[in-house]
Amino acid sequence: MIHKSTFTAIIYIIFLVWAVSGCVHTRPPIDPVMDARAYRLAMSARSLNHTIVSSKGTGTARLSSHGSVETFRFAWAALLPDKIRITFLVSGIPAQTIVSDGTRLSFVSHTGDHRIYTSYSKNPDMEKYIRVPVRLSELISILAGRLPIKKIDDAYFLPEAPDLSTVHVEQAHNSQYQEIRFGRNSRAESIRTFDGTGGILYVMRVIQYRYFKKKYIPVKLRLEDGNGRKLDLAIDNFI
């Protein structure tokens with residue numbers, strides 16, 4: 001039987017990335033031309049697929065944690081900014097479902113692991129339901145093929161990456177920051193998120209993009225948190 005804690009762990013790793021943003025870091029000297037180039041590159045990653053208003057699809061989630069490995073199927077349908085249905089399945093049988101109609105959110109167990117949790121907030125904080133401090137709108141956005149990059153107030157190329165492959169981004173009045181590494185095709189390959197002391201909070205690697213709906217969608221991802229857990233996501237259908 002599948003337990004609520006397992007799904008909490010999966011959702012924690014996926015949506016932890018939407019709960020953080022970039023900030024304070026020792027900045028190299030300002031270079032208006034190169035800084036503007038870095039900002040444009042970072043904004044191109046942040047704005048990825050922001051014209052998508054609805055999505056649905058299926059995929060596989062593989063969670064590795066301290067030697068144990070669990071694999072699940074999932075299916076979703078979403079309408080931005082506030083409507084979604086996502087179901088986790090085990091052996092083809094629904095186990096957990098999250099549903100929002102824009103005014104009410106419900107978290108349902110199909111296996112009886114917990115009672116139905118309901119919120120009447122339009123954009124609720126999901127922490128009281130799945131122990132993750134993210135908003136519903138963030139959950140929906142990540143399933144629309146977007147990257148977990150918060151608002152950017154400053155951006156520059158890292159001096160230690162002379163090939164101009166890595167951009168540091170930060171947001172005013174926040175001690176956390178992010179580093180985005182780009183491939184030769186100028187698409188983001190990884191996003192490293194740090195706390196205010198320089199410790200890594202998580203690393204997200206985009207292993208593969210695929211062309212769906214005339215858009216390049218991240219379909220193979222690896223997410224690693226600071227507790228030794230890894231989550232591999234493989235989206236096989238995106239409509």
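R229 counts as buried in this predicted model, with a relative accessibility of 17%, because burial here means anything under 20%. This arginine sits in strand β13. Its C-alpha comes within reach of a far-off part of the sequence: R229 and L63 are separated by 166 residues along the chain, yet their C-alpha atoms are 7.3 Å apart.

R146 tells a related story, this time from a loop. That loop runs between α4 (136–142) and β7 (154–157). R146 is buried because its relative accessible area is 11%, which is under the 20% limit. As for partners, the side chain of R146 reaches the backbone oxygen of N49 at 3.5 Å. A polar atom of that same R146 side chain also lies 3.2 Å from the backbone oxygen of I52.

Stepping back to the whole chain, the fold is built from 4 helices and 13 strands. Half of it is tucked away, in the sense that 50% of the 239 residues count as buried. Links across the sequence turn up too: taking contacts between residues at least 6 apart, 50% of them join residues at least 24 apart.

How far can the model be trusted? The mean pLDDT of the protein chain is 84, and 85% of its residues reach 70 or more. Some stretches do fall short. Residues 17–24 stay under 50 in pLDDT, although the model gives them 47 contacts beyond four places in sequence. Residues 130–134 are also below 50, with 22 contacts in the model beyond near neighbours in sequence. Details in these two stretches, 17–24 and 130–134, are left aside here.

Now for the strands toward the end of the chain. Strand β10 (residues 188–194) and strand β11 (residues 200–212) run antiparallel and are joined by 5 bridges. They form a hairpin with 5 residues between the strands, where G198 takes a positive phi near 95 degrees. On its other side in sequence, β11 pairs with strand β12 (residues 215–225), again in the antiparallel sense, over 10 bridges. This second hairpin has 2 residues between its strands, and K213 in the turn shows a positive phi of about 50 degrees. Across the β11 and β12 pairing, two arginines face each other in register, with R205 standing opposite R222 in β12.

M204 is a handy residue for seeing how these strands come together. It belongs to strand β11, and I191 stands opposite it. The C-alpha atoms of M204 and I191 are 5.2 Å apart, while the two residues are 13 apart in sequence. M204 is buried because its relative accessible area is just 2%. Leaving out residues up to four places away in sequence, M204 touches L147, P148, E189, S190, I191, L221, R222 and L223. In a regular strand, side chains alternate between the two faces of the sheet.

Aromatic residues add another layer, with 7 aromatic pairs in the structure. One of them is the pair of Y177 and F194, whose ring centres are 4.9 Å apart and whose planes meet at 10 degrees, so the pair is stacked. It links distant parts of the chain, since Y177 is in strand β9 (residues 177–182) and F194 is in strand β10, 17 residues apart. Y177 and F194 are both buried.

Another pair is made by F212 and F238. Their ring centres are 6.1 Å apart with planes at 40 degrees, so this pair is tilted. F212 lies in strand β11 and F238 in strand β13 (residues 229–238), so the pair ties together parts that are 26 residues apart in sequence. F212 and F238 are buried as well. They also belong to one aromatic cluster, together with F74, W76 and F88.

Lastly, there is an arginine that goes with two tyrosine rings. R187 lies over the face of Y209, at 5.2 Å from the ring centre. R187 also lies over the face of Y216, there at 4.4 Å from the ring centre.

Terms used: Residues numbered from 1 in each chain as written. Predicted model: local features only at pLDDT ≥ 70, side-chain atom pairs only at ≥ 80, totals over all residues. Heavy atoms only, no water. pLDDT = per-residue confidence, 0-100. Contact = heavy atoms within 4.5 Å. Pairing = 2+ DSSP bridges. Buried < 20%, exposed > 50% of the residue type's maximum accessible area, 1.4 Å probe, protein only. Polar contact = N/O pair within 3.5 Å; in protein donor to acceptor, adjacent residues only side chain to side chain. Phe/Tyr/Trp six-rings, centres within 6.5 Å; stacked < 30°, edge-to-face > 60°. Lys NZ or Arg CZ within 6 Å of the ring centre and 35° of its normal.
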